[in-house]
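Please open the structure in a viewer and keep the selection tool at hand. The tour below proceeds one selection at a time.

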Amino acid sequence: MSTRSPATAAPSNDPPEQTRTGMSKAALKQAYIDNLFYIQGRFRDVASTYDLYMAAAFTARDRMLERWVESAQVYKTSHARTLCYLSAEYLLGPQLTQNLVNLGIAKVARAAAEELSVDFNAILEEEVEPGLGSGGLGRLAACYLDSLATQRIPAIGYGIRYEFGIFDQVIQDGWQVERSDNWLRNGNPWELPRPKISFAVRYGGHTEQTRDQEGRSRVRWVPEMVIKGVAYDTPILGYGVRNANLLRLWKSEAPESFDFQTFNVGDYYGAVHAKIEAETISKVLYPNDEPEAGKELRLKQQYFFVSCSMQDMIRLHRNTVGPLETIHQKFVVQLNDTHPALAIAELMRLLVDEQAMTWEQAWSITRQTFCYTNHTLLPEALETWSLALFERLLPRHLEIIYAINQEFLDQVRVRFLGDEARIARMSLIDETHGRRIRMAHLAVVGSRAVNGVAALHSKLIKTTIFKDFHELAPERFHTVTNGVTPRRFMVVSNPRLARLITATCGHDRWIGDLEYLRDLETHADDPVLQARWRQVKIAAKRDLACWLDHHTGVPIDPEAMFDIQAKRLHEYKRQHLKVLHIIRLYQRLKQDPSVSMVPRAFIFGGKAAPGYVMAKLMIKLINAVGEVINRDPQVNGYLRVAFMPNFNVKNGQRLYPAADLSEQISLAGKEASGTGNMKFSMNGALTIGTDDGANIEIREAVGAENFFLFGMTAEEVQRKQAEGYRPWALYQGDAELKSDIDLISSGLFSHGDPHLFRPLTDHLIHADPFMVLADYRAYLECQERVTEAYAQPRRWDRMSILNVARMGRFSSDRAIREYAERIWQIEPVVLDS
Ligand code: F58
């Protein structure tokens, strides 16, 4: 391409009005060159990879906008009932391929780019992902956006446009080091700023009692600080439909008036400070899954985005339907965990204080509007806010919460006469840990539906953290097992497998309706399919091995079994149980070098919260064990250990297709659902897992004979803990276990330093809150069964094919249909094509 005129890039037979958004290869080529010229200001021959990426993104976006505008119009004129999904996190991952797939032009766009001598894989590598989430919860929100559009449910996702998303993880000397994620530095082609859609958000100050013109008593909030939230919109396409929904993220800014006011009285530095303070609110995502301790900025963030979102919802309702009394008929608000639960108090404030509605009517509307999903049972992860902090930042909301609480506890009193202990347990205010607001209780009391994210989890919330609430109103409790989108986690991340499935089934209907994967079942024993299945897997393993070699320097044989654990680092997820298994195999080989073993590559990925010392030590341990094993010629023909740095959506997409074995080994009762378990299984990995979260349902779906189950059940865990768990006795009673732990303490993995891993080994031996030692033996035995199965390739292939064939239930499309029918009562809106 040496042309100097962007308009002559390719002869086109399309009518002129089609070339801007046409889908033919010629139209795409023309659009690509036009976008390169008119948006990036570049000719093809001087364009950088980044310019080429941006041109490709804008070419896709132009085509998305057409569907988006059409959807907005149809939703508006049909007065469609709409879902507002409130989530503090959206872990979107790279957008380009996903959008091309959902536009139905992935193949032709690649061909068009290649005809322009663009290396498509290189531009995909150039893409920076919006890491606006830290783990499963944020990624679930992104999967649900995809499925909401695909299921034609009118929806708006509301959240925060963090300037810095989840940190980038680099590994230095085996330790995690955090680097800030400046994902916006080169611009974001997928978003549209909406400077005119902005709302004031207030903080601090005090409240005053006043009277309105009719003499009714009212509350006026006199804030100390006012900032502005500005909307940034990202279109979200459905697959196989024309529907497109909206992700609206709020950025915090200083309102000009505020800024100038201070400036005019001569306080220049004060004005600048106020501006910085305002902008700080949407600056950075909190990566912690550690206990919250007075994180003022985080509370500010939560209020910031729910206030903007509730104000926007009211504005939209006014623009379309009208009377506020019907807002709960137009909108349902789904709270993704408790982080947006303040929306309940904020809607009350807006309706009562600003719209002059009576408390009773406002409460009735609010109670019919919200639904709440719980994602954790871990007591330390349940959000609470200190009353003092809350009062200082949100004095009016505290009054509202008190009023809600009083009314609620009065009901409880009447229902359970004299049961004061119950009142204390159910109160929105925890008086036992220095007066704190229990956000989960606010979410339950203010919602008409509460759900857990897997069957076991939903059962457990009803018998533990929400037992009293369940006794009060059992009909409000539901379960919706999580799901993941097969577009991203199969079609985008594993195109080879997607092609093989389509060829085998004779159709690609499975992409839009994952139950069609069942068509694979009858082929599970077909040797031809099995051979191809194996080729697809080995090709993905080769890709991953190459990437890992390049990024970690650990060479891995693609013929080895790829045994992968990729998820946030946390003691309850028990990466250290996996490490003990590796050490056992290592010791076995060292003691008897003639022992024959199926070669395994142990691959880990995951970030630790920056303040979670034990999780960071676990990363160091994995790398330290890897260092010793990988360079020991006596064992490294059989064992390799690699830690993939910076596990995020993009890197996850390299792992799922390449896994033979998926490690889902949390202590039973602790993992609410898990979604990585689904992603691995959909890509043909077999699972070794505990009786926990969605593992249980995956096992039921794929068949017990196609799943490696081990360890205690949640009930056994509870029983053992009640009886008094003594890890020390287990350590003393199992010679192999003792020698594995002792090897860590010996300093072998720490250049002779016996102290480095002491906090970890001591904690295991003396406390072991997640019962690693109790499941150790069962885990090793189960791994023996894995080895045995892997040594029989045809059996393994059959199991792998059946796993994929039976994963239909774990599509996020199914989950969204369940929410829409059972919880939201929202009908799909079909757009004519
Ligand atoms: C996860 N929670 C659950 N929280 O642990 C997992 O079992 C479940 O599959 C998933 O939600 C989706 O339901 C989770 O990812 C967070 O990331 C929080 C974000 C905010 C800070 C505290 C952790």
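The stops that follow go from the domains to the sheets and then to the ligand. Please bear in mind throughout that this is a predicted model.

**The domains**

Begin by colouring the protein chain by its three parts: domain 1 (1–78 + 95–128), domain 2 (79–94 + 129–482 + 818–824) and domain 3 (486–712 + 770–810). Between the C-alpha centres of domain 1 and domain 2 the distance is 36 Å. Where these two domains meet, 24 residues of domain 1 are in contact with 19 residues of domain 2. On the domain 1 side, the elements that give two or more residues are α2 (49–77) and α3 (96–103). The largest share of that side, 13 residues, belongs to α2. By class, the residues on the domain 1 side comprise 12 nonpolar, 7 polar and 5 charged.

**Helix α2**

Now select α2 by itself. How far apart are its end C-alpha atoms? They are separated by 42 Å, and this agrees with the span of 42 Å expected for 29 residues at 1.5 Å a residue. Directly after α2 comes H79, which has a positive phi, near 50 degrees.

**The mixed sheet**

Next, display the open sheet of 9 strands, arranged in the order β7-β10-β11-β4-β1-β12-β13-β17-β18 with mixed pairing. At its edges are β7 (192–203) and β18 (477–479), each of which pairs on one side only. On average, neighbouring strands of this sheet are turned by 25 degrees against each other, direction ignored.

Within the sheet, select β1 (residues 82–86) together with β12 (residues 331–336); they are joined in the parallel sense over 5 bridges. In this pair, Y85 is opposite Q334 in β12. Add helix α6 (residues 136–150), which packs on the sheet and touches β1, β4 (155–160), β10 (225–237), β11 (244–253) and β12. The direction of α6 makes about 140 degrees with that of β11.

**A hairpin**

Move to β5 (residues 168–172) and β6 (residues 175–179), which pair in the antiparallel sense over 5 bridges. Here I171 faces Q176 in β6. The two strands form a hairpin with 2 residues between them, and D173 in the turn has a positive phi of about 55 degrees.

**The parallel sheet**

Proceed to the open sheet of 6 strands, ordered β21-β20-β19-β22-β23-β24, in which the pairing is parallel. Which strands stand at the edges? They are β21 (639–644) and β24 (708–709); each has a single partner strand, so one side of each lacks a neighbour in the sheet. Strand β23 (residues 686–689) pairs with β24 over 2 bridges, and I688 is placed opposite F708 in β24.

Two helices may now be added. Helix α22 (residues 575–591) lies across β19 (561–566), β20 (600–605), β21 and β22 (661–664), at about 155 degrees to β21. Helix α23 (residues 613–630) lies across β20 and β21, and runs at about 145 degrees to β21.

**The ligand**

Finally, select the ligand and the 18 residues that surround it. The closest are G135, G136, L137, A672 and S673. The shell divides into 5 nonpolar, 10 polar and 3 charged residues. Why does the ligand lie between domain 2 and domain 3? Both domains give residues to the shell around the ligand, so its place is between them.

Note on methods
Residues numbered from 1 in each chain as written. Predicted model: local features only at pLDDT ≥ 70, side-chain atom pairs only at ≥ 80, totals over all residues. Pairing = 2+ DSSP bridges. Helix = DSSP H or I, 4+ residues; strand = E, 2+ residues; numbered from the N terminus. Contact = placed C-beta atoms within 7 Å. Axes fitted to C-alpha atoms, helices over the stretch in contact; angles between N-to-C directions. Near = placed C-beta within 6 Å. Nonpolar A, V, L, I, M, F, W, Y, C, P; charged D, E, K, R; others polar. Domains from an automatic or database assignment. Expected span 1.5 Å × (residues − 1).
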